Amino acid sequence: MKNVLLIGDSIRIGYDKAIKRTLEGKANVYFPEDNCRFASYVLRYIEEYKWIVPEGKVDVLHWNTGLWDCLRLYEEDPHTPLDIYAYYIERICKRIKNHYPDTTVIFATSTSVQSERMSKDFKRYNEEIEAYNDVAVSIVKKYGFAVNDLYALSASLPDEAHSDPVHYNTPAATRAFTDQIVACIAPALGITEAVPYKEALFVGKPSGI
């Protein structure tokens, strides 16, 4: 079977086990135990994450970073300024090209938030998330990477799909993310038939985001 590697923040942690269970018997799904945080963190560990997969043989890499980067703490500027975020995304893409040369690579956009429910000391804005997504998408496309628009999907979900202002650890949202990601990666796995969803909900407490 082919191998899938999922890299991302706590949004990824919310759906990774459901994808693993849904693709059981069709593909091997791997992901780090840690929250992959902001772009500079992904750059630091992107090559090391490869070795989560036996022999480093990654057939499909589905990755994202951005929500930590645009986070505003205590009404300050975003953690990673937009131009610096672009710099790191460019470097990540180059490193992926070097270390995952035979891998199908898919970048997932960062998901929407409910800004009105967030504290002024811990804030994200959808217009800024959109700006960070736009910059990332423009860069990853230069490298021939596909894009999975999880932002559009998340923005289409009802309010009750949120488990908190940032996360989507609910049955409906987990299924929506899983179905879209599986459909996105299926062609690279040689899967042509519909894959039935198998639920595996995140039951912990999101941290650090």
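How many of the five residues of β5 are buried? Four of the five are, and the strand is accordingly described as mostly covered. The model on display is a predicted one, and this tour begins at that strand.

**First selection: β5 and its partner strands**

Select β5, residues 104–108, together with β3, residues 60–63. These two strands pair in the parallel sense, and four bridges join them. Within this pairing, Trp63 stands opposite Phe107 of β5. Next, add strand β7, which covers residues 146–148. β7 also pairs with β5 in the parallel sense, here over three bridges. To locate this pairing on screen, display Ala108 and Asn148 of β7, which are bridge partners.

**Second selection: Asn64**

Move to Asn64, in the loop between β3 and β4, the latter being residues 72–73. Is Asn64 buried or exposed? Asn64 has a relative accessibility of 5%, so it counts as buried, the cut-off for that class being under 20%. Display its surroundings: beyond residues up to four places away in sequence, Asn64 touches Ile7, Gly8, Asp9, Val42, Phe107, Ala108 and Ser110. Two of these names have already appeared on the tour: Phe107 as the residue opposite Trp63, and Ala108 as the bridge partner of Asn148.

**Third selection: Thr109**

Now select Thr109, in the loop between β5 and β6, where β6 comprises residues 122–123. Thr109 has a relative accessible area of 5% and is therefore buried. A distance drawn from its C-alpha to that of Trp63 reads 8.9 Å, although 46 residues separate the two in sequence.

Which residues are in contact with Thr109, leaving aside its neighbours within four places in sequence? They are Asn133, Val137, Val147, Asn148, Asp149, Leu150 and Tyr151. Two polar approaches merit a closer view:

- The side chains of Thr109 and Asp149 are joined by a polar contact of 3.0 Å.
- A polar atom of the Thr109 side chain lies 2.9 Å from the backbone nitrogen of Tyr151.

**Final selection: a surface patch**

Finish at Phe122, a residue of strand β6. Its relative accessibility is 31%, so Phe122 counts as partly exposed, the class that lies between under 20% and over 50%. Add Leu73 and Tyr74 to the selection and switch to a surface representation. Together with Phe122, these residues make a nonpolar surface patch of about 280 Å².

Technical notes: Residues numbered from 1 in each chain as written. Predicted model: local features only at pLDDT ≥ 70, side-chain atom pairs only at ≥ 80, totals over all residues. Heavy atoms only, no water. Buried < 20%, exposed > 50% of the residue type's maximum accessible area, 1.4 Å probe, protein only. Contact = heavy atoms within 4.5 Å. Polar contact = N/O pair within 3.5 Å; in protein donor to acceptor, adjacent residues only side chain to side chain. Patch = residues over 30% accessible without salt bridge, like charges linked within 9 Å, V, L, I, M, F, W, Y side chains within 5 Å. Areas by Shrake-Rupley, 256 points an atom, 1.4 Å probe, with all protein chains shown as cover. Salt bridge = Lys/Arg side-chain N within 4 Å of Asp/Glu carboxyl O. Pairing = 2+ DSSP bridges.
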